[in-house]
Amino acid sequence: MSTHATRLLEAGGRPRAGVTGRGTIADGVTMHSGLSQGPSDRTGDPAARRTEGPEVDGVSPEVDGRRFRSVLGHFATGVVAITALDPGTGAPCGLAANSFTSVSLNPPLVAFCVAHTSTSWPRLRAAGNLTVNVLAEHQQPVCTALAGRGGDKFAGIGWTASPCGNPVIDGTLAWIDCSIEAEYPAGDHIIVVARVHRLGVQGDGGPLLFFRGGYGRFHA
């Protein structure tokens, strides 16, 4: 993948994220920061930079998909791999997403979004118990592998079993064992809420980030 020099730099020399490569997520998982945006969304296209106009008589201007992706692409996120064992075959299965967040402390809940078109989600849902892997800055290849459709996504990816038996991918920063609590339809996606049962930290490096269509890392 080509590299580019896009970066985040806060005023006063605060932490920045140096973007190291472009990428997209397939398998129906749309990263809410704009994974599927095209090259024009990253350039000096005035249309991409222009803000929406004010409401007129209570009616908002049309929000098209391209502008939606472009604007939300400015929100940097981490990247996770959601894994399980296929109950039918016992083989590892998984997908990559950045639409992941904590929801509640009591009870402990997390959430993520999956597109209706995902081919991996039905296998994960059938497993019931899932493991969220927080990807480290060097794990863009893992993200790419799990974003593919078909084939053995875990070929060449080392892992050990979590307490509930799911893949904890080697080199990840943290893992979270959880079970599906609820699903809510939301447009072309499903919001999945999961209850946390066990979790742990297994790395102290930096996270893999996604920003404006590219992968990057965090520099303190």
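Seven strands build an open, antiparallel sheet in the order β5-β4-β8-β11-β12-β7-β6, where strands are DSSP E runs of at least two residues, numbered from the N terminus, and two of them pair if DSSP finds at least two bridges between them. β5 and β6 (100–104) are the edge strands, each pairing on one side only. From one strand to the next, the twist averages 35°. Six bridges join the antiparallel β8 and β11, and Asn129 has Ser179 in β11 as its bridge partner.

The model is a predicted one, with local features needing pLDDT of at least 70, side-chain atom pairs counted only at pLDDT 80 or more, and totals for chains, interfaces and linings using all residues. Residues are numbered from 1 along each chain as its sequence is written, and side-chain values use heavy atoms, leaving out hydrogens and water.

Turning to the interior, the largest nonpolar core (buried Ala, Val, Leu, Ile, Met, Phe, Trp, Tyr and Cys residues joined through side-chain atoms within 4.5 Å; buried means under 20% relative accessible area with a 1.4 Å probe, protein chains only) has 19 residues. Ile82, Leu95, Phe112, Trp121, Leu124 and Leu130 touch the most other members. β12 (189–201) is among the elements that supply at least two residues each, and gives the most, with four. A second, separate core of 13 residues includes Leu135 and Ile157.

Two aromatic pairs were found, taking ring centres within 6.5 Å as paired and planes over 60 degrees apart as edge-to-face. Phe112 and Trp121, both buried, pair edge-to-face at 5.7 Å centre to centre, with 80° between the planes. Phe210 and Tyr215 are also edge-to-face, at 5.2 Å and 75°, and both are buried.

Definitions and conventions
Buried means under 20% relative accessible area, exposed over 50%, partly exposed in between (1.4 Å probe, protein chains only). Rings of Phe, Tyr and Trp (its six-membered ring) pair if their centres lie within 6.5 Å; planes under 30 degrees apart count as stacked, over 60 as edge-to-face and the rest as tilted. Axes are lines fitted to C-alpha atoms, for helices over the stretch in contact, and angles run from 0 to 180 degrees between N-to-C directions.
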